[in-house]
Amino acid sequence: MNTDITASAKPEYPVIDRNPPFTKTVANFNTLDYLRLTTIAGVSVTVGYLSGIKPNIRGPSMVTGGLIGVLGGFMYAYQNSCGRLMGFFPNEGEVARYKK
């Protein structure tokens, strides 16, 4: 069974790296990726705090929500960055940067 997504879908935009490594993908994060990451983390901290029903549970609940938000935000930013490098998302900035 072939589980390679690139085998079933063709990139619509120029391919910069067909299989980008972790370090290149993280280095490719743009301002919008960082904004999304911090927004998701901030919302998760707030939801975690508000979901702590008893006052002495709010702290641990807020930390747990924050950790979930940071991880979720990072994965979302990573997915977008990797998709731009592989040509699945619009990547005009990456094409201009890596063309040199």
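These legends walk through several close-up views of a predicted model.

**View 1. Helix H4 from end to end.** Let's begin with helix H4, which runs over residues 58-86. How far apart should the ends of its 29 residues be? At 1.5 Å a residue the expected span is 42 Å, and the end C-alpha atoms lie 41 Å apart, so the two values agree. Just after H4 comes Gly87, and its phi is positive, near 90°.

**View 2. The stretches annotated as transmembrane.** An unreviewed UniProt entry carries the annotation "transmembrane region" for residues 34-53 and 59-78. What does the model show there? Residues 34-53 are 90% helix and 0% strand, with 31 Å between the end C-alpha atoms. Residues 59-78 are 100% helix and 0% strand, and here the end C-alpha atoms are 28 Å apart.

**View 3. Arg84 and its two acidic partners.** Searching the whole structure turns up three salt bridges, and this view holds the ones made by Arg84 with Asp33 and with Glu94. The side chains of Asp33 and Arg84 meet at 2.7 Å, N to O. This pair links distant parts of the chain, with Asp33 in helix H3 (residues 31-51) and Arg84 in helix H4, 51 residues apart. Both Asp33 and Arg84 are buried. Glu94 meets Arg84 at 2.6 Å, N to O. Here the link runs between helix H5 (residues 92-99), which holds Glu94, and helix H4, which holds Arg84, with the two positions 10 residues apart. Glu94 is buried, as is Arg84. Through shared partners, the salt bridges join Asp33, Arg84 and Glu94 into one network.

**View 4. Lys24 between an acid and a ring.** Which side chain does Lys24 meet in a salt bridge? The partner is Asp17, at 3.3 Å from N to O. Is Asp17 buried or exposed? Its relative accessibility is 18%, and under 20% counts as buried, so Asp17 is buried. Lys24 has a relative accessible area of 24% and is therefore partly exposed. Look also at Tyr98: the charged end of Lys24 sits over its ring, 5.0 Å from the centre.

**View 5. An aromatic cluster around Phe22.** Five aromatic pairs are counted in the model. One of them is Phe22 with Phe74, a tilted pair with 6.2 Å centre to centre and 45° between the planes. The two residues come from distant parts of the chain: Phe22 is in helix H2 (residues 22-27) and Phe74 in helix H4, 52 residues apart. Phe74 has 26% relative accessibility, so it counts as partly exposed. Why is the pair of Phe22 and Tyr78 called stacked? Planes under 30 degrees apart count as stacked, and these rings, with centres 5.7 Å apart, have their planes at 25°. This pair, too, joins helix H2, through Phe22, to helix H4, through Tyr78, across 56 residues. Tyr78 is partly exposed because its relative accessibility is 23%. Together, Phe22, Phe29, Tyr34, Phe74 and Tyr78 form one aromatic cluster.

**View 6. Arg58 over a tyrosine ring.** To finish, here is a charge above an aromatic face: Arg58 lies over Tyr49, at 5.3 Å from the ring centre.

Terms used: Residues are numbered from 1 along each chain as its sequence is written. This is a predicted model: local features need pLDDT of at least 70, side-chain atom pairs count only at pLDDT 80 or more; totals for chains, interfaces and linings use all residues. Side-chain values use heavy atoms; hydrogens and water are left out. Helices (H or I, at least four residues) and strands (E, at least two) are DSSP runs, numbered from the N terminus. The expected span of a helix is 1.5 Å times one less than its number of residues. A salt bridge is a side-chain nitrogen of Lys or Arg within 4 Å of a carboxyl oxygen of Asp or Glu. Buried means under 20% relative accessible area, exposed over 50%, partly exposed in between (1.4 Å probe, protein chains only). UniProt positions are given in the numbering used here, feature names are shortened, and annotations may be inferred rather than shown by experiment. Rings of Phe, Tyr and Trp (its six-membered ring) pair if their centres lie within 6.5 Å; planes under 30 degrees apart count as stacked, over 60 as edge-to-face and the rest as tilted. A charge sits over a ring if NZ of Lys or CZ of Arg is within 6 Å of the ring centre and within 35 degrees of the ring normal.
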